[in-house]
Amino acid sequence: KSLSGYAKSGHGQATMKVNGRIHADMWSFPGSTPGINVIETEDPNTSPVDRVGFRRMRFGVKGDLPYNMLYKIEMEFAGGNDSEFRDAYLGWNELPIFRTLLIGNQKRPYGLDHLNSSRYNVFLERPFVIESFNQDARRFGVCSYGYSEDLAWNWRYGIYNQRLIQDEGNYSSDSFQAQVAGRLANTIWWDQCSDGRGYAHWAVSGTWADTDPLATTNNYAGSGLNEARFRHRPEARSINRWVDTGVIPDGDDYALLGLEGVINVGATQIVSEYQHVWQNRTVLPDVNLHGAYVYWSYFLTGEHMPWDRESGTLDRIYPFENFFLVDRCRGGTGYGLGAWQVALRYSYADFNDQDVFGGIGQSVTAGLNWYWSPYARMQFNYIYGEITDRDADNDESTPQPVNLQSGDYHILGTRLMVDF
Amino acid sequence: KSLSGYAKSGHGQATMKVNGRIHADMWSFPGSTPGINVIETEDPNTSPVDRVGFRRMRFGVKGDLPYNMLYKIEMEFAGGNDSEFRDAYLGWNELPIFRTLLIGNQKRPYGLDHLNSSRYNVFLERPFVIESFNQDARRFGVCSYGYSEDLAWNWRYGIYNQRLIQDEGNYSSDSFQAQVAGRLANTIWWDQCSDGRGYAHWAVSGTWADTDPLATTNNYAGSGLNEARFRHRPEARSINRWVDTGVIPDGDDYALLGLEGVINVGATQIVSEYQHVWQNRTVLPDVNLHGAYVYWSYFLTGEHMPWDRESGTLDRIYPFENFFLVDRCRGGTGYGLGAWQVALRYSYADFNDQDVFGGIGQSVTAGLNWYWSPYARMQFNYIYGEITDRDADNDESTPQPVNLQSGDYHILGTRLMVDF
Amino acid sequence: KSLSGYAKSGHGQATMKVNGRIHADMWSFPGSTPGINVIETEDPNTSPVDRVGFRRMRFGVKGDLPYNMLYKIEMEFAGGNDSEFRDAYLGWNELPIFRTLLIGNQKRPYGLDHLNSSRYNVFLERPFVIESFNQDARRFGVCSYGYSEDLAWNWRYGIYNQRLIQDEGNYSSDSFQAQVAGRLANTIWWDQCSDGRGYAHWAVSGTWADTDPLATTNNYAGSGLNEARFRHRPEARSINRWVDTGVIPDGDDYALLGLEGVINVGATQIVSEYQHVWQNRTVLPDVNLHGAYVYWSYFLTGEHMPWDRESGTLDRIYPFENFFLVDRCRGGTGYGLGAWQVALRYSYADFNDQDVFGGIGQSVTAGLNWYWSPYARMQFNYIYGEITDRDADNDESTPQPVNLQSGDYHILGTRLMVDF
């Protein structure tokens, strides 16, 4: 009776968590050269517009079902009229061989910076190469997740369809455009004494992806376009993509190899990744695309970036002292400082090869993170970058004359976030 | 205090359940003749595309309010950008005469296969006639639900607007296009000893629906189109409708009569329905459309299809043994088989009469259902069907020359589902 | 263990309420003159269409986070495919100086009738001037909320972006189109003996809003249009706006002043507001727009409209006796009457000045409210109004010849609502 007014799951055999997050953003573009303006606005004299609003607004449900089954639906509502789903799957825990096996929309297993939750990532937006080679990360597929008993090793591997369907719900084509993908990770050093304030990680990941070279446009079902396309914004929230290969003509299949390394010593962390894509084509010469990034982060207030050894990803950050600011009853103001972190990232991607001019991007990002609590923080990023030899027309599926553009830019970004 | 972290309803006087479901699908179309290709793709040489993704992804809230009131909102997110609502109503329980009275979006009371939840239905998709005469089932209306004290009889009747508004939110027209509809059901046999492993059911249902013969297109509000239209896919997830009368010209009103019968003896069930529509027209000759289906299902593992005598519909299936597969601590693998069911359906619909060429559909579906638990299962369907004399242009509101197409097809479908 | 089946928040440190509301509507337009028809339908012979469906269908989550933080996401699903967010923010309680500080999508602080929840408002739709000067009320901004210890005073003030983004998620433009806005309210009389059955309130509110005179259309990002635009429907749910200034050409900035007064004596309440907008322009002469309303409401059953002294708004209405109607076990029918309220409103707005012909609207609304419980009610409105000299083409951003229309209309509206 004392529980009247509490919410239940639909039937007594399901556990349920209702969770979500709010990320509110403010972006400004204080400087950009004409080449950048063409890429973003198609007009050399119109510079990218500033932006304020929501980056992420999510809530959803997840839980367990008998026996050993689990489910999750998470909705993204930041687009207003255009709701999208994110994680949306059913599956099992504790299976022989497959361990945790999930079926549905879930992250593809390459790119540490994508596998990290946006709640924990050090920088506002992901690096050129990580996002471009794994745009929006989640795809419909079947994936197995496991880790060794001593937590030194973890792995995930699966088969996916390559179309981003979180806005459409389905993929429709006789060419399945499947990919197999996997990641093997090793926490090679873990400082037991400090409960993980020191650790080192490496991982290797990859995919082999079969794309449909004949699908230069969507089919009658509005689906099926060739998935040989890699693109990203300027590691910030612009309207258009600033590196973009377009749909690579005659793209038959591609292979990706990714390497990751993390070293954490107390408040200091260094992270780096390299990824390479070998794009095979049926007639035209093959194309090579690649990129990398490295970042350093440091907690001025002495905390560290926790590590999840079961998934090989960043974990929730706990400030030594939460931020607060209140009037005390007995007069005066009580306060806590929260945690403060500085960070610097260099990112590089070369998407120009043969007849493909996706652009060569370089970017330096300086970051300042103010953690108010384990569940809330504010982030600041200053970005300076340049794009070289990007074909500003190649984001159309209909071929046009090559129109190479180059330029550089300054961007400022701020984000406030909570999760619950 | 031990309840911190538990979710409450907005005020203490509301009870609340948060429930939902995930249905993930895979469909392939291994064979289809040119006539079918024209119907689906407008090109005799382009066959229907395969499909993978989500069929249903729902969550929502429901509960009670003082005194005797109830509410429900259930959202469908499988469409990605295009969210839709499903059940969305408020109402009362325990009213005199009206018993449970619901106002809002709810299923129209005809077609047992539509009144059954998709969580319990034996086949992946509903039969030609049931879906065509009651497309997507739910409409905005007022409906009364009741049953007799001995559970032998149950009934529902109400008045509805005919427009499908779960994607639009409102119906706007001076012609209300109302319909009255009802269903009277009788569980004529119920084996008390086995607690309902044996039972028989019959029901009669019908509607009288007033449509707007002058509304050949939507009005300035983008609404109001004549609702005299009946259509369905091939009892599978194609892109387009394969039987489709189009908007029947000059359709003034129609009457529908539906008959249902169910016999269940232990693991075996036989179900059949027949429906007939009399479409009246102001000037043109009246049109008769009709169809039926019959299916047989059998649990290889001995369970039975439970029956809900309060609503006259299928109820949740409980396997004798849930499916599970785990490594035992002491070595070896533990497992449970779940429940296994086979089923066969024959379905028929004749939507050709006078100047209406919606097509004549026939379909045989073989099904295999693997119940993992009461809350999860996997379904397989193989479908062979044929469509005869379908006017492949009549799904447009603008009249075009008759273009009759015929053909046959093979379809394979698989679904994984959980509900919570 | 007894709590299995209960829903939790995503982590144990968040409290969570899952709340929502359902508003189901029926509108008819029994009479309108040709001028009104042109405004609504562009055709003097086509009158406004009747309407049935959902006005609001919401659910979402809110709660607290350590320390003193709070969050809220509320989604509006009544649009079917077009989901929108409403309140969506994060913030703090108990800050020095700023008290409660919210960042995100929230109501702008002017217009009592907009600050009142739609769950408590006396009439179905808001008055011309309140809605026109604060269309859909919520904007992305930062706002501080406070009240004095003796509850006599309360205030809110903040800075907002002016674009309505609950359907888009973001505002994108180099012109931020910011506004500062605030409201100071005083409960000048509060009858302690009756715990607030008698009270009086006044408030003054205002904004200064910087608009972008050069943005006559949206920019390449589909955003940034000049926000100097004021419009509303006929205090009912028509398809189009019946008073509408269009984007006021050359609108540089505007100031708004609002005055509110409420007197409540037991079952009787009188409420009035006046608002004036001074629209400044760079070259063209300035424009003055203004309007007001007054309403009287009275509970036939003796209840009163509760008042929230912390926010200066209407609070939840508690009937002396809830409505119910049930068959008693021992025979006969038990019933409760609920609460019954009558109300009358006069509303006026003059949006014609200089070259701006938004129309002059006058409207009388008679209302009858039947409260079933604190959480459910039914509302009836009869509206008679007239629009004078509205430029029926001025809702386009491209200038067209002035086409002045005048007319009058009768509207009937009914709403059923629950909240949970």
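Chain C meets chain A through 56 residues of its own and 53 residues of chain A. The model is predicted. About 4500 Å² is buried between chain C and chain A, and carbon and sulfur atoms give 68% of that area. In chain C, three residues lose the most area to chain A: Y6(C), I73(C) and Y220(C). Together they make up 15% of what that side buries.

What kinds of polar link cross between chain C and chain A? The rule finds zero salt bridges across this interface. Polar contacts are there, though: 18 residue pairs are counted between chain C and chain A. On the side of chain C that touches chain A, the elements giving two or more residues include β1 (7-9), β3 (51-65), β4 (69-76) and β6 (99-107) of chain C. The largest share, eight residues, comes from β5(C).

**The other contact of chain A**

Chain B also touches chain A. Here 53 residues come from chain B and 56 residues from chain A. The two chains bury about 4600 Å² between them, with 68% of it on carbon and sulfur atoms. V52(B), N81(B) and F420(B) supply 15% of the area that chain B buries against chain A, more than any other three residues. Again the rule finds zero salt bridges, this time between chain B and chain A. It finds 17 residue pairs in polar contact across that interface. Among the elements that give two or more residues to this side of chain B are β1 (7-9), α1, β3 (51-65) and β22 (356-373) of chain B.

**How the chains are arranged**

What rotation superposes chain B on chain A? A turn of 120° does it, with 0.0 Å of shift along the axis and an RMSD of 0.0 Å. That is the relation of a three-fold axis. Chain C is superposed on chain A by a rotation of 120°, also with 0.0 Å of shift along its axis and an RMSD of 0.0 Å. Chain C and chain A use different surfaces: 20% of the contact residues of chain C recur in chain A.

Which residue of chain B comes closest to the rotation axis? It is A7(B), with its C-alpha at 3.2 Å. In chain C, A7(C) comes closest, at 3.2 Å (C-alpha).

**The nonpolar core**

Nonpolar side chains tend to be buried together in soluble globular proteins. In this model the largest nonpolar core has 111 residues. The residues with the most contacts inside this core are F54(A), F54(B) and F54(C). Take F54(A). Within chain A, F54(A) touches I22(A), H23(A), A24(A) and A78(A). F54(A) also touches residues of chain C, including F85(C), A88(C), F140(C) and I165(C).

**A covered helix**

Is helix α1 of chain B mostly covered or mostly uncovered? This helix (residues 34-41) is mostly covered, with seven of its eight residues buried. The buried ones are G35(B), I36(B), N37(B), V38(B), I39(B), E40(B) and T41(B). They pack against β2 (16-32), β23 (376-391) and β24 (404-419) of chain B. Just after α1(B), E42(B) takes a positive phi of about 70°.

**Salt bridges**

Over all chains, the count comes to 45 salt bridges. Three of them are set out here.

| Pair | Closest N to O |
|---|---|
| R119(A) and D419(A) | 3.9 Å |
| E74(B) and R58(B) | 4.0 Å |
| D355(C) and R281(C) | 2.5 Å |

Start with R119(A) and D419(A), which form a salt bridge. R119(A) lies in the loop between α2 (112-115) and α3 (128-132) of chain A, while D419(A) is in strand β24 (residues 404-419), so the pair ties together parts that are 300 residues apart in sequence. R119(A) is partly exposed, at 23% relative accessible area. D419(A) counts as buried, at 6%.

Next comes the salt bridge of E74(B) and R58(B). E74(B) is in strand β4 (residues 69-76) and R58(B) in strand β3 of chain B, 16 residues apart. E74(B) is buried, with a relative accessible area of 2%. R58(B) is buried as well, at 5%.

The last pair is D355(C) and R281(C). D355(C) sits in the loop between β21 (339-353) and β22 (356-373) of chain C, and R281(C) in strand β15 (residues 268-281), 74 residues apart. D355(C) is partly exposed, at 37% relative accessible area. R281(C) counts as buried, at 6%.

Salt bridges can also join into a network. D25(A), R55(A), E125(A) and R415(A) are linked in this way.

Note on methods
Residues numbered from 1 in each chain as written. Chains lettered and ligands numbered in written order. Predicted model: local features only at pLDDT ≥ 70, side-chain atom pairs only at ≥ 80, totals over all residues. Heavy atoms only, no water. Core = buried A, V, L, I, M, F, W, Y, C linked by side-chain atoms within 4.5 Å. Buried < 20%, exposed > 50% of the residue type's maximum accessible area, 1.4 Å probe, protein only. Contact = heavy atoms within 4.5 Å. Least-squares fit on C-alpha atoms with pLDDT ≥ 70 in both. Buried area = accessible area lost by both parts, 1.4 Å probe. Salt bridge = Lys/Arg side-chain N within 4 Å of Asp/Glu carboxyl O. Polar contact = N/O pair within 3.5 Å; in protein donor to acceptor, adjacent residues only side chain to side chain. Helix = DSSP H or I, 4+ residues; strand = E, 2+ residues; numbered from the N terminus. Lists of a residue's contacts leave out its neighbours within four places in sequence.
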